[in-house]
Amino acid sequence: MDNTESPSGGDAIPGWYGVDPTTTNLKMNPHAHYKHLREIQPVNLTPVDDWRLSNYADIQKLLKHSHSGMRDIDGLIPGETREQTNATKFMLRMDPPDHDRLRNLVSKAFTPRALSTMRPMIERLVVAELDRVAPLGAMDLVADLALAVPAASMCAMLGIPFEDRHKLTDLVSLVTYRLAKQAYPELQEQSEAAIMELAQYMLVLIEERRENPTEDILGQLVTAEESGDRLSNDELLQQSIGLLVAGLETTTGLIANGMVCFSRYPEEFEKLADDPTLALSAVEECLRFEPSIPITLRILWEDTEFSGITIPANANVYALLIGANRDPLYFTEPDRFDISRNEAKHCSFGGGIHFCLGSHLARMNAEIAFQQMAQRFTAIEIDESSIQWAPSLFRIPGSIPARFQRRN
Ligand code: HEM
């Protein structure tokens with residue numbers, strides 16, 4: 001049907017409404033498309049019978065207050081067989097009580113102490129990278145900063161030798177294609193092979209920690225215990241690979257997309273340079289303004305009403321986090337980038353029981369990166385037509401050539 005018509009009454013007329021995942025360029029300039037969808041059909045029924053929500057209030061209701069989960073009423077992950085579902089043990093794809101048990105055990109390793117011991121290491125790395133590029137007046141914001149920082153923190157977190165970080169990032173990027181089998185059938189073989197290689201690699205590290213316990217997060221996961229309960233080898237393996245997949249590209253996207261914002265809005269970059277205590281609120285604004293993960297999914301377990309439309313039980317419902325982040329009912333002038341904004345919380349880390357477990361780590365990485373960049377450099381210049389997107393499911397730049405001047 002024509003994707004420009006407005007639906008009538010309480011019925012959702014199926015359509016992509018200009019946000020067709022296979023044809024629209026949703027990486028470089030997504031916001032006008034999502035705005036159009038939110039205005040024309042905020043509770044959207046797609047031609048493939050999935051639903052999409054783009055109002056802030058509806059998304060909060062779905063994530064925090066609905067009877068829903070990651071598996072359908074029969075306990076199946078959409079698109080997977082029973083056998084595949086049973087073999088999946090990463091917490092983001094589990095429902096309670098299994099989800100809560102895994103999350104509790106893994107959270108034990110994400111202590112403020114574990115994170116704070118990583119801070120000086122990340123600061124040293126950023127300083128060394130920026131020392132190296134400073135005399136050149138030019139850098140690749142992805143390779144030299146946005147990828148380097150989370151790769152180093154992931155290595156520290158899981159006790160992976162730093163020199164293996166490039167191999168690791170390549171493997172992780174391949175593994176993410178497994179999440180979109182239909183969209184990338186040609187990559188499935190490579191993706192499966194990458195999972196096997198990563199699994200073998202992680203198993204060696206896990207075995208080492210069983211023999212000689214370590215302080216890193218992987219070491220803590222190996223020994224994490226609650227009421228006599230521990231992670232099995234398979235659970236341990238899937239949580240550690242899952243952490244890599246959930247944390248690496250996403251944080252790269254946050255830092256890289258954030259630096260693009262700073263080059264577009266130099267006055268905001270100067271504001272941060274003048275007041276480094278704004279770094280954390282700058283991170284929140286970058287997360288709101290250019291989220292690297294535009295959507296998340298829930299499956300409803302009962303008929304549920306959103307903005308006057310009832311979505312039936314067992315429907316796949318996508319929360320368009322990127323749309324909610326610019327809902328004008330919650331953010332004044334939502335298309336304005338303002339690092340001192342102090343309004344509703346953005347939706348970029350999801351919500352409810354699956355709220356991102358790595359949010360503090362991601363924030364710390366980006367805070368250090370933005371603060372150091374603003375203190376040392378000015379006039380960040382990016383020719384946006386030269387940005388290359390990583391071959392990723394998400395909004396992750398693969399390369400951003402940039403020029404800058406050194407601050408006196
Ligand atoms: C800017 C960076 C990041 C973004 C934008 C992001 C975003 C998200 C989103 C949207 C979800 C799904 C939430 C939901 O459906 O309600 C999620 C879950 C998760 N994230 Fe992150 N994430 C980031 C960084 C990280 C990092 C650094 C780690 C760990 C090292 C991590 C670990 C996880 C885990 C374990 C879950 C699943 C939690 C659960 O199911 O209980 N994330 N993240």
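**Close-up views of a predicted model**

**View A. Arg-326 is placed over an aromatic ring.** Arg-326 lies over the face of Phe-289, at 3.9 Å from the ring centre. The model shown here and in the other views is predicted. Phe-289 is also a member of a cluster linked by ring pairs, which includes Phe-262, Tyr-265, Phe-269, Phe-337 and Phe-370. A further charge over a ring is found at Phe-306, whose face is covered by Lys-61 at 5.4 Å from the ring centre.

**View B. Tyr-56 and Tyr-330 form a stacked aromatic pair.** In total, ten aromatic pairs are counted in the model. In the pair of Tyr-56 and Tyr-330, the ring centres are 4.2 Å apart, with 20° between the planes. The two residues come from distant parts of the chain, 274 residues apart: Tyr-56 belongs to helix 2 (residues 56-65), whereas Tyr-330 is in the loop between helix 14 (321-324) and helix 15 (359-376). Tyr-56 has a relative accessible area of 8% and is therefore buried. Tyr-330 counts as partly exposed because its relative accessibility is 33%.

**View C. Phe-262 and Phe-337 meet edge-to-face.** The centres of these two rings are separated by 5.7 Å, and the angle between the planes is 75°. This pair, too, links distant parts of the chain: Phe-262 is in helix 11 (residues 233-264), and Phe-337, 75 residues apart from Phe-262, is in the loop between helix 14 and helix 15. Both Phe-262 and Phe-337 are buried. Both residues also belong to the cluster that ring pairs form with Tyr-265, Phe-269, Phe-289 and Phe-370.

**View D. A cis peptide bond joins Pro-96 to Pro-97.** The omega angle of this bond is near 0°. Pro-97 is located in the loop between helix 3 (82-87) and helix 4 (98-107). Most peptide bonds are trans, and most residues other than glycine have a negative phi.

**View E. Asn-314 has a positive phi.** The phi angle of Asn-314, a residue other than glycine, is near 75°. Asn-314 occupies the loop between strand 9 (309-311) and strand 10 (316-320). With a relative accessibility of 34%, Asn-314 counts as partly exposed.

**View F. Glu-333 also has a positive phi.** Although Glu-333 is not a glycine, its phi is about 40°. Glu-333 is part of the loop between helix 14 and helix 15. Its relative accessibility is 53%, so Glu-333 counts as exposed.

**View G. Thr-250 is a buried residue of helix 11.** The relative accessibility of Thr-250 is 16%, which is under the 20% limit, and Thr-250 therefore counts as buried. Apart from its neighbours within four places in sequence, Thr-250 is in contact with Ser-292, Ile-293 and Ile-396.

**View H. Cys-356 is the single protein donor to the iron atom of the ligand.** The donor atom is SG of Cys-356, 2.3 Å away from the iron. Cys-356 is situated in the loop between helix 14 and helix 15. The loop between helix 14 and helix 15 also contains Tyr-330 of the stacked pair, Phe-337 of the edge-to-face pair and Glu-333.

Key
Residues are numbered from 1 along each chain as its sequence is written. This is a predicted model: local features need pLDDT of at least 70, side-chain atom pairs count only at pLDDT 80 or more; totals for chains, interfaces and linings use all residues. Side-chain values use heavy atoms; hydrogens and water are left out. Rings of Phe, Tyr and Trp (its six-membered ring) pair if their centres lie within 6.5 Å; planes under 30 degrees apart count as stacked, over 60 as edge-to-face and the rest as tilted. Helices (H or I, at least four residues) and strands (E, at least two) are DSSP runs, numbered from the N terminus. Buried means under 20% relative accessible area, exposed over 50%, partly exposed in between (1.4 Å probe, protein chains only). A charge sits over a ring if NZ of Lys or CZ of Arg is within 6 Å of the ring centre and within 35 degrees of the ring normal. Contact means heavy atoms within 4.5 Å. Donors are N, O and S atoms within 2.8 Å of the metal (3.2 Å for Na, K and Ca); water is not among the atoms, so sites may look incomplete.
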